[in-house]
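Here is a short guided walk through a protein model, taken one element at a time. Keep the structure open beside you as you read.

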Amino acid sequence: QIKPIWALVDEQATSAAYAIASGAHHVIAPRTAQTGSIGVIMAHVDQSKAHEKLGIHVTFIHAGAHKADGNAYQPLPDAVKERFQQEVDSLYALFVDTVARNRQLETNAIRKTEAAIYSSEQAKEMGLIDQILPASQALTVFTHHLNDTRAIMTTPTEPQVKSTQPAVEPVDTDAIKASAIQQERERCLSILQCEAAEGRMTTAIHLVKSGMAADDAKALLETLPKAEASAPKKENTTQSAFTQHMNNDEQPNIPSENTPETTEEPKSAIQQMLSDFELMTGDQKHACRQ
């Protein structure tokens, strides 16, 4: 009663599919769409003659007189057919009443369709759909409708009439985005700064990028062995005379004109990950400086 719901027939909504579409406030269908088929069907296949020619005889052993009703190995008895027809008629009445209520039409008008399928032009004349529109334009039209409805509900008029429906609060998308970014930042820090990440930082970074929950990532890290400390690199004892001279001679410190007075310290793996995260989300105003 409050939330607008529209249905798009793309490109066919017949039988049960139309029952669903009819429950929307507004039904849109392209020119080539098909709607209708408001009816109920049931089929019984009698294979008894075919099995008789093949020399096949099926014997049913069952409990309950109606357990084997409608089987394909025997002709359909008149009494069973009558009972099945009653079930179909009951479902048909429910179907007709549902569509008539949803579309605010008379039940007789729905029954007169005799479960026929209609083009969009015919369906609109009968009241089965509301608008003929290309499927590609449906979302745009729906958006305009929502904006117009919101403007009407928020603009006071004279005399003011107290609405029986609660006002629709606008969605604060900026707050939602900020909350999502903060939650993601906390997830990243929780993984990268936990004790289990020590000695497993490369794996921790991969888990952050995978989007895994913090608790799951910590549990996984605890099961992995820590990386062995890398052996220090051995210095090359064999140096050329030029290299030795350059190492021994005092070199002047001549700064470049383009070199800033202060340079940033190398970023740690955690800081680099957070910088990438801030760049990806566009939330550079609150960049983490830890």
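At what angle do helix 8 and helix 9 pack, and how far apart are their axes? Before turning to them, please bear in mind that this is a predicted model. Helix 8 covers residues 201-210 and helix 9 covers residues 214-222. The angle between them is about 155 degrees, and their axes lie 10 Å apart. Angles over 145 degrees count as roughly antiparallel, and helix 8 and helix 9 are therefore roughly antiparallel to each other. The crossing of helix 8 past helix 9 is right-handed.

Which residues make up this contact? From helix 8 come Thr203, Ala204 and Leu207, and they meet Ala217, Leu220 and Leu221 of helix 9. Sorted by class, five residues in the contact are nonpolar and one is polar, while none is charged.

Now let us move to the strands, beginning with strand 3, which spans residues 26-29. His26 and Ile28 point one way from strand 3, and Val27 and Ala29 point the other way. Are these four buried or exposed? All of them are buried. Strand 3 pairs with strand 1 (residues 6-8) in the parallel sense, over three bridges. In that pairing, Trp6 has His26 as its bridge partner. Strand 3 also runs parallel to strand 6 (residues 131-132), and two bridges join them. There, Ala29 of strand 3 stands opposite Ile132 in strand 6.

There is also an open sheet of three strands, with the order 2-4-5 and mixed pairing. Strand 2 (12-14) and strand 5 (117-119) stand at its edges; each has a single partner strand, so one side of each is left without a neighbour in the sheet. From one strand to the next, the twist averages 30 degrees. Strand 4, made of residues 34-36, pairs with strand 5 in the antiparallel sense over three bridges. Here Gln34 has Ser119 in strand 5 as its bridge partner.

One residue of strand 2 makes a good last stop: Thr14. Why does Thr14 count as buried? Buried means under 20% relative accessible area, and Thr14 counts as buried because its relative accessibility is 18%. What does Thr14 touch, leaving aside its neighbours within four places in sequence? Thr14 is in contact with Gln34, Thr35, Gly36, Ser37 and Ile117. You have already met Gln34, the bridge partner of Ser119.

Key. Residues numbered from 1 in each chain as written. Predicted model: local features only at pLDDT ≥ 70, side-chain atom pairs only at ≥ 80, totals over all residues. Heavy atoms only, no water. Axes fitted to C-alpha atoms, helices over the stretch in contact; angles between N-to-C directions. Parallel < 35°, antiparallel > 145°, perpendicular 65-115°, else oblique. Left-handed = near helix turned anticlockwise from the far one by under 90°. Contact = heavy atoms within 4.5 Å. Nonpolar A, V, L, I, M, F, W, Y, C, P; charged D, E, K, R; others polar. Buried < 20%, exposed > 50% of the residue type's maximum accessible area, 1.4 Å probe, protein only. Pairing = 2+ DSSP bridges.
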